[in-house]
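Let's take a stroll through this protein, from its open spaces to its packed interior and its charged pairs. Have the viewer open while you read.

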Amino acid sequence: MFTKKTVRDIDVRGKRVLLRADYNVSMDERGNITDDYRIQQSLPTVKYLLEQDARLIICSHLGRPKGKVVPSLSLAPVAKRLQELLGKHVEFVPDCVGEQVTKAANTLQPGHVLLLENVRFYPEEEANDEAFAKQLASLADVFVQDAFGVVHHGAVSVSELPKYMPAVAGPLLEKEVDTITSAMENPTRPLMAVVGGAKIADKLDVLHRFIEIADFIAIGGGMANTFLLAEGMHIGASLADKDDLPVAKEILAKAREKAKDGKFVFYLPQDGVVASKIDKAAPTRIADWSAHVIADIENYPKRPPHEASYIREHEMILDIGPFSAAFIAGAMQFAGTVVWNGTMGITEKAGLQGPVGPYAHGTDLLMEAMTGKFGHRPFSLVGGGDTVTYIEERGLADAFNHVSTGGGASLELMAGHKLPGVEALQNK
Ligand code: ADP
Ligand code: MG
């Protein structure tokens with residue numbers, strides 16, 4: 001249960017409320033918003049506060065301007081989109097502190113919205129600067145934290161503001177924390193974890209936690225390559241992190257130990273889509289190394305690689321193969337809960353074009369399986385920046401039970417870590 005006070009626990013009527021939202025949206029080169037999922041997700045919070053006649057001042061970051069004014073990372077387009085989605089005027093000021101902002105905040109009427117410029121245009125934001133925190137705090141009576149995507153790192157608008165004003169959680173933050181925590185602590189079993197993406201190092205703690213709590217773990221993406229390498233397989237020019245080999249071996253050993261009771265599976269891909277170039281036009285083939293790496297690591301003996309399983313020196317594994325995808329999708333039909341983080345292959349559209357690129361089929365099949373295409377529909381929870389971006393691109397966000405707005409924060413929470421931005425809020 002969520003133990004922090006939320007906006008529903010306090011009276012915000014007529015008050016000036018500083019809402020920290022996460023409007024870190026994707027934009028194209030021309031400054032058009034390409035994915036407004038995060039704005040959409042903040043609407044219930046914004047609407048609730050406006051219904052309560054709060055004087056609503058919203059702050060957010062966008063991208064990584066590194067403490068400088070970067071015009072392409074202005075929140076002005078977000079103000080416009082928010083206004084469209086809200087059907088209500090959204091005032092925008094091209095700064096987040098200073099005279100102009102103070103004036104706009106002071107004259108703001110109940111039930112009206114003011115969006116401030118990118119807080120990360122000031123280096124003070126990420127330096128936890130006290131004076132900057134006081135300036136921001138002076139704009140409002142109450143602070144509402146609703147930016148789940150940032151609560152895992154300290155910053156003025158995360159862990160400092162609550163020192164200077166009453167601070168509570170917004171409904172989106174509450175929903176994120178509650179959903180992810182209960183899926184990890186009290187899941188409908190069997191609990192299946194699907195972990196992919198680029199690097200083991202990014203997801204080490206999560207992998208350890210899943211080995212402790214999950215019934216089935218399926219590995220895909222670039223990190224699978226490192227595991228395969230740790231298993232002694234030749235992976236050619238595939239992305240793999242040699243520095244991660246020792247931890248990969250540790251995780252495999254821990255998984256093997258747990259699998260001894262016969263009730264736990266740690267599944268590494270047994271086939272993959274390989275190519276010599278990351279290019280839509282480059283030919284691909286399916287490599288099947290199932291004779292080398294084994295599905296149920298305890299019950300199959302490890303055999304040396306045979307000819308067909310070899311990945312040639314110039315080849316890269318870029319997606320899980322059709323057998324592995326089908327096997328994982330099949331296992332999902334028995335899952336009560338699926339927690340997914342990290343794509344199974346390269347899913348970026350850039351340079352690959354088309355709705356499904358040549359290395360996205362594995363991820364696509366798993367999305368279909370997770371969301372009930374084959375009959376059974378487990379509770380599905382997804383986190384991860386690139387993973388969520390892909391789901392959004394495919395227009396599938398509504399098909400899942402929960403698609404997290406926070407990449408790093410969802411991983412921290414899944415790993416069982418405390419989030420400074422949540423800890424800083426008032427207790428119930
Ligand atoms: P998330 O942001 O969802 O947590 P990650 O950032 O860990 O996920 O991983 C996503 C990235 O991993 C994407 O950029 C994707 O292209 C890359 N990736 C996935 N599989 C592979 C692979 N086999 N080879 C190289 N890169 C991969
Ligand atoms: Mg990522």
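First, a word on how empty space is found: on a 1 Å grid over the protein atoms alone, a pocket is an open set of points with protein on both sides within 12 Å along at least five of seven lines, a cavity is a set of points where a 1.4 Å probe fits but cannot get out, and lining residues have an atom within 4 Å of a point. Grid points are joined across faces, edges and corners, and a volume is the space filled by probe spheres set on the points.

Some housekeeping too. This is a predicted model, so local features need pLDDT of at least 70 and side-chain atom pairs count only at pLDDT 80 or more, while totals for chains, interfaces and linings use all residues. Residues are numbered from 1 along each chain as its sequence is written, chains are lettered from A and ligands numbered from 1 in the order in which they are written, and side-chain values use heavy atoms, with hydrogens and water left out.

**Pocket and cavity**

The second largest pocket holds about 450 Å³ of space. Its lining has 18 residues, and those nearest the centre are Val-177, Thr-181, Glu-185, Leu-413 and Lys-418. Which helix gives the largest share of that lining? H7 does, with six residues. Helix H7 (171–185) and helix H15 (420–423) each bring at least two residues to the lining; helices here are DSSP runs (H or I, at least four residues), strands are E runs of at least two, and both are numbered from the N terminus.

As for closed-off space, there is one cavity of 30 Å³ or more. The largest cavity has about 50 Å³ of space, and its walls include Ala-21, Asp-22, Arg-38, Asp-146, Phe-148 and Thr-405.

**Two domains and their cores**

The domain assignment gives domain 1 (7–173) and domain 2 (187–414), with bounds that come from an automatic or database assignment. Their C-alpha centres lie 36 Å apart. Where the two touch, 10 residues from domain 1 and 11 residues from domain 2 take part, contact meaning heavy atoms within 4.5 Å.

Now for the greasy part. A nonpolar core is a set of buried Ala, Val, Leu, Ile, Met, Phe, Trp, Tyr and Cys residues joined through side-chain atoms within 4.5 Å. Buried means under 20% relative accessible area, exposed over 50%, and partly exposed in between (1.4 Å probe, protein chains only). The largest core has 76 residues, and Leu-116, Phe-210, Ile-219, Phe-227 and Phe-266 touch the most other members. Helix H10 (residues 245–259) gives the most to this core, six residues. Domain 1 and domain 2 each put at least three residues into this core. Apart from it lies another core of 31 residues, including Val-7, Leu-82, Leu-115 and Val-168.

Zoom in on Ile-219 and you'll find that, beyond its neighbours within four places in sequence, its contacts include Val-195, Leu-207, Phe-227, Phe-266 and Tyr-267.

**Two buried spots**

Ala-214 sits in the loop between helix H8 (204–213) and strand E10 (216–219). Is Ala-214 buried or exposed? Ala-214 is buried, at a relative accessible area of 1%. Not counting residues up to four places away in sequence, Ala-214 touches Arg-189, Leu-191, Ala-193, Lys-258 and Phe-264. Ala-214 is also 27 residues from Pro-187 in sequence, with 9.2 Å between their C-alpha atoms.

Pro-187 turns up again with Thr-337, a residue of strand E15 (residues 337–341). Leaving aside neighbours within four places in sequence, Thr-337 contacts Pro-187, Thr-188, Pro-190, Leu-191, Met-192, Pro-378 and Phe-379. Thr-337 counts as buried because its relative accessibility is 2%.

**Charged pairs**

How many salt bridges does the structure hold? There are 16, each a side-chain nitrogen of Lys or Arg within 4 Å of a carboxyl oxygen of Asp or Glu. Here are three of them.

| Acidic residue | Basic residue | Closest N and O atoms |
|---|---|---|
| Glu-126 | Arg-120 | 3.7 Å |
| Glu-130 | Lys-134 | 3.0 Å |
| Glu-315 | Arg-312 | 3.5 Å |

Salt bridges that share partners also join Asp-36, Arg-81 and Glu-84 into one network.

Glu-130 and Lys-134 both lie in helix H5 (residues 130–137), four residues apart, or about one turn of the helix. Glu-130 is partly exposed at 44% relative accessibility, and Lys-134 is partly exposed at 43%. In the other two pairs, Glu-126 is partly exposed at 48% while Arg-120 is buried at 13%, and Glu-315 is buried at 5% while Arg-312 is partly exposed at 45%.
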